[in-house]
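Here's a quick look through one model, taking in a sheet, a surface patch and a couple of unusual backbone angles. Have the sequence and the 3D view open as you read.

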Amino acid sequence: MEFLFSLFIILIVAAGLLVYSQNTINSTLNIESDLNHRLILDNVANTINQVDSQGEFYSKYLKLPVTDKNYVLKLEKNKLTIEYENKKGEMIVPFIDPYSTYKMYPGHIYEIEKTHEGKILIK
């Protein structure tokens, strides 16, 4: 009887450790995903700022990476937003005056250009 009781206690402790380790791994994967999407947002914002700081008709190509989670980048007014899995990250891109609202998708190549009027155009 004592052996069965000891075995039962060991199984409960093992199951608890398994659940704890699974939660820890999931948390780590979520943090990694959030960091990767934040880096994408930072890279796009930096590219837009580089183009904006150069002279008229300066352009630069940008390829958005494909990740394990689908995302959409949106530029409107001076705010750059990334949306994925019901999460949202925003970054202010100062002094940017785009022609319109732009949506950018992973895996596509975009040309970011500063026009003669000083506005940002994304093709």
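Two strands count as paired if DSSP finds at least two bridges between them. Keep in mind that this is a predicted model.

**The sheet**

With that in hand, start at β6, where I109 is the bridge partner of K63. That's one piece of how β1 meets β6 (residues 109–114): the two strands run antiparallel, joined by 5 bridges. Zooming out, the open sheet has 3 strands in the order β1-β6-β7, with antiparallel pairing. The edges belong to β1 (59–63) and β7 (120–122), each of which pairs on one side only. On average, neighbouring strands of this sheet are turned by 20 degrees against each other, ignoring direction.

**The patch**

Over to helix α1 (residues 2–53), which is home to F8. Together with F5, I9, I12, V13 and L17, F8 makes up a nonpolar patch on the surface. Their combined accessible area comes to about 600 Å².

**Two positive phi angles**

Now for the loops. Which residues other than glycine have a positive phi here? F57 and K77 do, and the table sets them out.

| Residue | Phi | Loop | Relative accessible area |
|---|---|---|---|
| F57 | near 65 degrees | between α1 and β1 | 52% |
| K77 | about 55 degrees | between β2 (72–76) and β3 (79–84) | 69% |

Are these two side by side with the solvent or tucked away, that is, exposed or buried? F57 counts as exposed because its relative accessible area is 52%, and the cut-off for exposed is over 50%. K77, at 69%, counts as exposed too.

Conventions
Residues are numbered from 1 along each chain as its sequence is written. This is a predicted model: local features need pLDDT of at least 70, side-chain atom pairs count only at pLDDT 80 or more; totals for chains, interfaces and linings use all residues. Side-chain values use heavy atoms; hydrogens and water are left out. Helices (H or I, at least four residues) and strands (E, at least two) are DSSP runs, numbered from the N terminus. Axes are lines fitted to C-alpha atoms, for helices over the stretch in contact, and angles run from 0 to 180 degrees between N-to-C directions. Patches are made of residues with over 30% relative accessible area and no salt bridge: like charges are joined within 9 Å, nonpolar side chains (Val, Leu, Ile, Met, Phe, Trp, Tyr) within 5 Å. Accessible areas come from the Shrake-Rupley method with a 1.4 Å probe; for residues, only the protein chains shown count as cover. A salt bridge is a side-chain nitrogen of Lys or Arg within 4 Å of a carboxyl oxygen of Asp or Glu. Buried means under 20% relative accessible area, exposed over 50%, partly exposed in between (1.4 Å probe, protein chains only).
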